Structures are given as structure tokens and as C-alpha cells.
Amino acid sequence: MSAADAVVVNSYAHYILKKSALCALSAFMAICGLGLLELASFWLFEPSFGPVGAVAVLGAFNVFVALLIFSVAVLLKPGRELSFALTMRKSAIQELEQDVSPMAGRLDASAYTMGEAMISAVVLPLLVTLLRNFKTAQSAKTELAETEK
């Protein structure tokens with residue numbers, strides 16, 4: 001499951017990176033366009049309202065647009081895809097926990113002691129490694145003895 005999660009996360013990270021780069025480029029172009037629009041609007045309003053009045057009108061308009069965008073962002077809800085993905089993830093985790101549960105099939109759940117956990121996690125792999133190394137050393141000694149004869 002962790003390998004699958006890693007692949008999904010890696011794929012999603014690449015997707016987010018590409019999407020963020022395109023959004024950043026789009027935002028930069030929009031800011032440049034908005035600046036030019038503001039400048040043109042200032043020159044349009046300056047004869048009617050004067051320099052200070054034109055800046056005040058444009059500032060008020062910018063605050064209004066910013067509040068509209070903020071209200072849309074606040075009211076935005078996550079899509080059904082996120083809910084479905086979370087449900088699927090929770091279901092997969094529950095199935096995995098049931099399949100891998102160390103207590104599954106045991107009559108007494110409290111019988112799983114720290115000693116058993118230590119033996120299965122540390123001692124057995126250590127013994128397997130030592131036996132492999134011992135066999136390798138024995139075969140190396142045998143080969144050396146045969147080559148000396």
C-alpha cells in the first residue's frame with residue numbers, strides 16, 4: 001500500500017506543480033493586464049474627477065472586486081471527488097487493517113506480548129542474516145580448501 005501511495009503522491013505532486021506553474025503564469029499576465037487597465041482608467045477618469053478623485057474611484061472599485069473574489073473563495077466547497085477519494089482511502093485502510101491485524105485469528109488478544117513482537121521484528125531477521133553469513137563463510141572455506149589441494 002505504501003508503494004501505491006507513493007506513486008499516487010508523486011503523480012499528484014507533478015500534476016499540482018504543472019497546474020501551479022500555469023496558474024502563476026496566468027496570474028502574472030492578469031496582473032500586467034490589470035495594471036494597464038488601471039492606468040487607462042486613471043487617464044479616462046482624471047479629466048472628470050481630477051487626479052485624487054480618479055485614484056479614489058479606482059481604489060474603491062478594486063476593493064469591491066477583491067471582496068467579490070474573497071466571498072467566492074469563502075463559499076467554495078470541495079468537490080465530490082475529494083469526498084469519494086477520502087471514502088475510498090478509508091475503506092482501503094480498513095481492509096488493510098483487517099488483513100494485516102496481528103490479533104486476527106488469536107483467541108486472546110492480550111497474548112501478543114512485547115517479547116513476541118521483538119522476536120518477530122528483530123531476532124528472527126537477525127538469525128536469518130547470521131545463518132546466511134555462516135553458510136557463505138563455510139562455502140568460502142570449502143572452496144579455499146579445495147583450491148589449496
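I take helices and strands as DSSP runs, with at least four residues (H or I) for a helix and at least two (E) for a strand, numbered from the N terminus.

**Entry 1, overall fold.** I am working from a predicted model, and I began with its secondary structure. I counted 3 helices and 0 strands in the protein chain, and reading along the sequence I noted the pattern α-α-α. I then looked up the accessible surface of the protein chain, which comes to about 13,000 Å², with 72% of that area belonging to carbon and sulfur atoms. How much of the protein chain counts as buried? Of its 149 residues, I found 3% in that class.

**Entry 2, helix α1.** I looked at two residues in this helix, V57 and G59, and checked for each the exposure and one separation along the chain. V57 has a relative accessible area of 32%, so I list V57 as partly exposed, since that class lies between the limits of 20% and 50%. Its C-alpha atom is separated by 9.7 Å from that of S41, and the two residues are 16 apart along the chain. For G59 I read 29% relative accessibility, so G59 also goes down as partly exposed. The C-alpha atoms of G59 and E38 are separated by 9.5 Å, and here the residues are 21 apart along the chain.

**Entry 3, the largest pocket.** I next looked up the largest pocket, for which I have a volume of about 280 Å³. Which residues come closest to its centre? Of the 11 residues in the lining, they are D5, V8, A85, L86 and R89. I asked next which helices contribute, and found that α1 (2–75) and α2 (80–100) each supply at least two residues of this lining. The most comes from α2, which gives 6 residues. By character, I sorted the lining of the largest pocket into 9 nonpolar residues, no polar ones and 2 charged ones.

**Entry 4, helix α3 and a surface patch.** My last search was for nonpolar residues at the surface, and it gave a patch of about 510 Å² made by V122, V123, L124, L126, L127 and L130. I followed up one of these residues, L126, and placed it in helix α3, which spans residues 114–148. Is L126 buried, partly exposed or exposed? I list L126 as partly exposed, because its relative accessibility is 48% and the exposed class requires over 50%. That value is also in keeping with its place in the patch, because patch residues must have over 30% relative accessible area.

Definitions and conventions
Residues numbered from 1 in each chain as written. Predicted model: local features only at pLDDT ≥ 70, side-chain atom pairs only at ≥ 80, totals over all residues. Heavy atoms only, no water. Patch = residues over 30% accessible without salt bridge, like charges linked within 9 Å, V, L, I, M, F, W, Y side chains within 5 Å. Areas by Shrake-Rupley, 256 points an atom, 1.4 Å probe, with all protein chains shown as cover. Salt bridge = Lys/Arg side-chain N within 4 Å of Asp/Glu carboxyl O. Buried < 20%, exposed > 50% of the residue type's maximum accessible area, 1.4 Å probe, protein only. 1 Å grid on protein atoms, 1.4 Å probe; cavity = no way out; pocket = protein on both sides within 12 Å on 5 of 7 lines; lining within 4 Å. Points joined across faces, edges and corners; volume = space filled by probe spheres on them. Nonpolar A, V, L, I, M, F, W, Y, C, P; charged D, E, K, R; others polar.
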